[in-house]
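User: Could you take a close look at one chain of this model for me? I would love one connected walk through it.

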Amino acid sequence: MASPADSLAIDARALCRTFGAVRAVDGVDLEVRRGAVFGLLGPDGAGKSTLIRMLATVLSPGSGDAFVFGDSVVHAHRRVTPRIGYMSQRFSMYPDLTVAENLEFFARIRGVPTAQRRVRAASLLESMGLAEFADRQAQHLSGGMKQKLMLASTLMHEPDLLLLDEPTTGVDPVSRREFWRIIGDLRAAEKTVLVATPYMDEAERCTDIAFMESGRIPHRGTPDEVKALVPGTLFELTAPDPRAALAALSDAPGVTSAHLYGDVVRVLSAPHGPDADALLGTVRAAGVAASEVRPAHVDMEAAFAFLAEQRGEDS
Amino acid sequence: MIAAALSRIGAIARKEFIHIGRDPRMLIAVLVVPVMQLLLFSYAISFDVKNVPTVVLDQDMTSASRAYLQTYRSTDFFNVKGSIDGLASIDDVFRRNLAQIAVVVPAGFGRSLARSEKAQVAVIVDGTEPNAAQLGQAYAIALNQVYGNRVLAEWGDRQGIDIAQAGRLEPRVRTWYNPERRSADFLIPGLMVVIIMIVTVQQTAVTLVRERDLGTQEQMMVSPLRLPELMIAKLLPWTFLAFVDMVVIAIVGIGFFGIPLRGSVVFLAVAAALFVFAALGMGLIISALAPSMESANIIALLIAFLPAFILSGFAFPLESIPPFLQGVSYLFPARYMIIISRGVFLKGAGFAELWPQLALLGGYSVLVVVIASVLYGRRAAR
């Protein structure tokens, strides 16, 4: 049974998986078009890894099915695996093998011919800045280098779809930027990328995103579409005592949501709600000093904070 | 298709050798420990009783008593440490482990012999070490019999009677295959089996669990690699190393301990291959069931060590263990291989005599690898 939509890299339908009493993935429908960099966002324990492992065919769905380039992960996983590269959340290379040996080994069991193995290993190591570490044992690499080695290994057989499970978690900011540059290159090479991440700021770099929580996907779309789900205007307020300011604003009329974001208070004002001056007035009326209120761009962080809050009120 | 499968098997086997080569502990465990075990066991678990420390108490002090005691000094079985001066000292000597046997010649020994009367001696054995005690006792009895016959012959001569003409029953016990009853001949062919069992079961038990712990198993699952390919690739390096161990043990055994190799090397190699496969299969079963590396290690140790030593016939004759345990012993491949190994090394036996053991071993190894594949397949179920 092939998926009718040939433009889809992933087409998941009512995918479920439970572990004991925990419904890790609870009826997920997901469509990822070819060429997308699809961000799967959500907190730890949301079910992102379970979903990705089912798409990678290393975990079988409890019910439902998913089609990868039209082939079922349940019934045709041997047709799926040659086209995907799966990078698990944990470092899963041999620590006692060198960088080059790890690449060589996984490419060989993937059936990459000898000549191509050499060429690809050389070019991948070069482009990821790992060339000088080719003979270093994997256990002696830094966290960022380990992640790049894993990514290089998943690219050796030139898959069309990359399933990356939190590739940047626990990686220093420089390596994270570097990693996203590589993902950008992959997109330019017309690969499809599904990347899970707990970092909301990384969502901005994706063409499409889905927010996952408690095994479900309540929101999805392009980053702009998701941000457009947030009604009203966002303001950022700086105050010497941000907690006091937050308390003053939380229940103010016309304020949909207010929360701390670092040292500033982010306030979402309902459509036709209070403007910057009105908010400043509200805070000062409560006897709290506030230095400045200015309108802010709704970023992913704010959007998800709002959407999460809204779901909390709905349920 | 087959070329691709062979390439994958080759990749994994090569990787296994890299793991082994990079891990000094593994190298030692595989190549040094077996030889050390061989040397240690061969010397330590020697069942040869020689040079049993002995003290003598001569209360007779005649030329006859001195001649009698001299026979103890002139054999290798006893190591006469010295004389003591009274019966009370025996206890003291035993307690301080200075001797295990005390020979007491009571006063009147020489006089009795001279009168052609029955003379008595006492041989007192320290029973706290039953094996040595039993053999020491047996040697002492034998020695006394020989001495007694000599005395009898001398008496006959003096009386002008040819004792040899008198009707006498003389048992002649011969030990075949190992006429000197050297325990090295008995031990080393068995020890080879035990060591191979320990090395192989232990290592394969850990190897698959390790792939699971490292997460590399998931990467294998997204490759075209199939389960039987993985199993074969995992078994190959260890089969090779087990053979290296076996050859080394055989060379040390033959060259250093002088054990004979009377049968066919080819037959031994075939049987050994089946045995190694069976042992490795046991390791894979453990690997499929064990939740972690530590538990795999411990289970492997229990499964490989105890049955290999106790239920294989390596150290104790299987007929002398309780019937229930005899039944259990059939579940472990070491039992069959030890019979084959001793048969080939010592008796020069081959296929004609040992085919039942070979067939059992073959059936066993197939069964074990199938069970391991099924269990592992179920465990790795997606």
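What radius of gyration does chain B have, and what would a compact globule of 382 residues have?

Analyst: Happy to. This is a predicted model, in which local features need pLDDT of at least 70 and side-chain atom pairs count only at pLDDT 80 or more, while totals for chains, interfaces and linings use all residues. Residues are numbered from 1 along each chain as its sequence is written, with chains lettered from A and ligands numbered from 1 in the order in which they are written.

Chain B has a radius of gyration of 29 Å, whereas a compact globule of 382 residues would come out near 21 Å (taken over C-alpha atoms; the globule rule is 2.2 Å times the number of residues to the power 0.38). Along the principal axes, the C-alpha atoms of chain B occupy a box of roughly 95 × 45 × 40 Å.

The domain assignment (automatic or from a database) splits chain B into domain 1, 2-46 + 182-381, and domain 2, 52-165. Their centres, over C-alpha atoms, lie 49 Å apart.

In secondary structure, chain B has 14 helices and four strands (DSSP runs numbered from the N terminus: H or I of at least four residues for helices, E of at least two for strands). One pair deserves a closer look: the axes of H10(B), residues 265-289, and H13(B), residues 334-347, come within 10 Å and cross at roughly 165 degrees. Here axes are lines fitted to C-alpha atoms over the stretch in contact, with angles from 0 to 180 degrees between N-to-C directions. H10(B) and H13(B) are therefore roughly antiparallel (over 145 degrees; under 35 is roughly parallel, 65 to 115 roughly perpendicular and the rest oblique). Their crossing is left-handed, the near helix being turned anticlockwise from the far one by less than a right angle.

From H10(B), B:Phe267, B:Leu268, B:Ala271 and B:Phe275 make the contact, meeting B:Met337, B:Ile340 and B:Val344 of H13(B) (contact: C-beta atoms, placed from the backbone, within 7 Å). By class, these residues are seven nonpolar, no polar and no charged (Ala, Val, Leu, Ile, Met, Phe, Trp, Tyr, Cys and Pro are nonpolar, Asp, Glu, Lys and Arg charged, and the others, Gly among them, polar).

Chain B also has a partner: 21 of its residues are in contact with 21 residues of chain A. On the chain A side, strand S6 (84-87) and helix H3 (99-109) each supply at least two residues, and H3(A) gives the most, with five. That side of chain A divides into ten nonpolar, six polar and five charged residues.

Key: Two residues are in contact if their C-beta atoms, placed from the backbone, lie within 7 Å.
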